[in-house]
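Reader: Hey, I'm in my first year and still learning to read these pictures. Please pick one small part, look at it closely, and then walk me outwards from there.

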Amino acid sequence: MKQQILASDECPFGCSTSESALHLAVLCPRSATIFQLLGLNVSNFQTMSDLFTIGKISCLPDKKNAWDLVLIAIMWNIWIARNRKVFDDHNIPPVVVARQCRETLKLWSCRLKNNEKQAVDHWIEDWRD
Ligand SMILES: [Zn+2]
């Protein structure tokens, strides 16, 4: 909307809510579903910062080293799916977005240091279909 591509700042998924970063990330029911499909409960997060801080505290020790990367992979795929909706009017189902999060993490994991890679492998293992 700021770049005058869209006429409204409403969430493109029909929430009748302003599309803030926090809405797109976790408050949108669609995003909450994606997190839920990945075994993550984000219902208590009130700020973007909570995602990084509380989310990391809530991680199991063997996964903690990869939390920031996991979060960014999820947000990246939510963003891509949001843009497909906005620019192509194509609705990628949450289950597909969740699967894409796993594929993104796999792709990115080859660039990680050993301790991060081990943590990512645990996330990927847990996200198996
Ligand atoms: Zn929404």
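Author: Let's start at aspartate 89, which sits in the loop between helix 4 and helix 5 (94-109). Before going on, you should know that this is a predicted model, where local features need pLDDT of at least 70, side-chain atom pairs count only at pLDDT 80 or more, and totals for chains, interfaces and linings use all residues. Residues are numbered from 1 along each chain as its sequence is written, and side-chain values use heavy atoms, with hydrogens and water left out. When I say helix or strand, I mean a DSSP run (H or I of at least four residues for a helix, E of at least two for a strand), numbered from the N terminus.

Now, the backbone. Aspartate 89 has a positive phi of about 50 degrees, even though it isn't a glycine. Most residues other than glycine have a negative phi. Aspartate 89 also counts as exposed, at 58% relative accessibility. The cut-offs for that are under 20% relative accessible area for buried, over 50% for exposed, and partly exposed in between, using a 1.4 Å probe and protein chains only.

Serine 16 makes a nice companion: this non-glycine has a positive phi too, of about 55 degrees. Look for serine 16 in the segment before helix 1, where it is exposed at 60% relative accessibility.

Step from the loop into helix 5 and you can find glutamate 103. Glutamate 103 is partly exposed, with a relative accessible area of 40%. Its C-alpha is 21 Å from that of leucine 24, and the two residues are 79 apart in sequence.

What about the loop between helix 3 and helix 4? Alanine 66 lies there, and alanine 66 is buried, at 2% relative accessible area. Which residues touch alanine 66, leaving aside neighbours within four places in sequence? They are Glu116, Ala119, Val120 and Trp123, where contact means heavy atoms within 4.5 Å. Meanwhile, alanine 66 and isoleucine 92 are 26 residues apart along the chain, and their C-alpha atoms are separated by 26 Å.

Back up into helix 3 (residues 48-58), and the buried residues are Asp50, Leu51 and Gly55. Looking down the axis, these buried residues fall within an arc of 100 degrees, so they line one face of helix 3; that arc is taken from the directions from the helix axis to the C-beta atoms. An α-helix has 3.6 residues a turn, so residues three or four places apart point the same way. The cover over the buried residues of helix 3 includes helix 1 (21-27) and helix 4 (67-88).

Zooming out, the protein has six helices and zero strands. Its radius of gyration is 15 Å, close to the 14 Å of the globule rule for 129 residues, so the protein is as compact as a globular protein of that length. That radius is taken over C-alpha atoms, and the rule is 2.2 Å times the number of residues to the power 0.38. The C-alpha atoms fill a box of roughly 45 × 30 × 25 Å along the principal axes. Of the 129 residues, 37% count as buried. Finally, among contacts between residues at least 6 apart in sequence, 56% join residues at least 24 apart.
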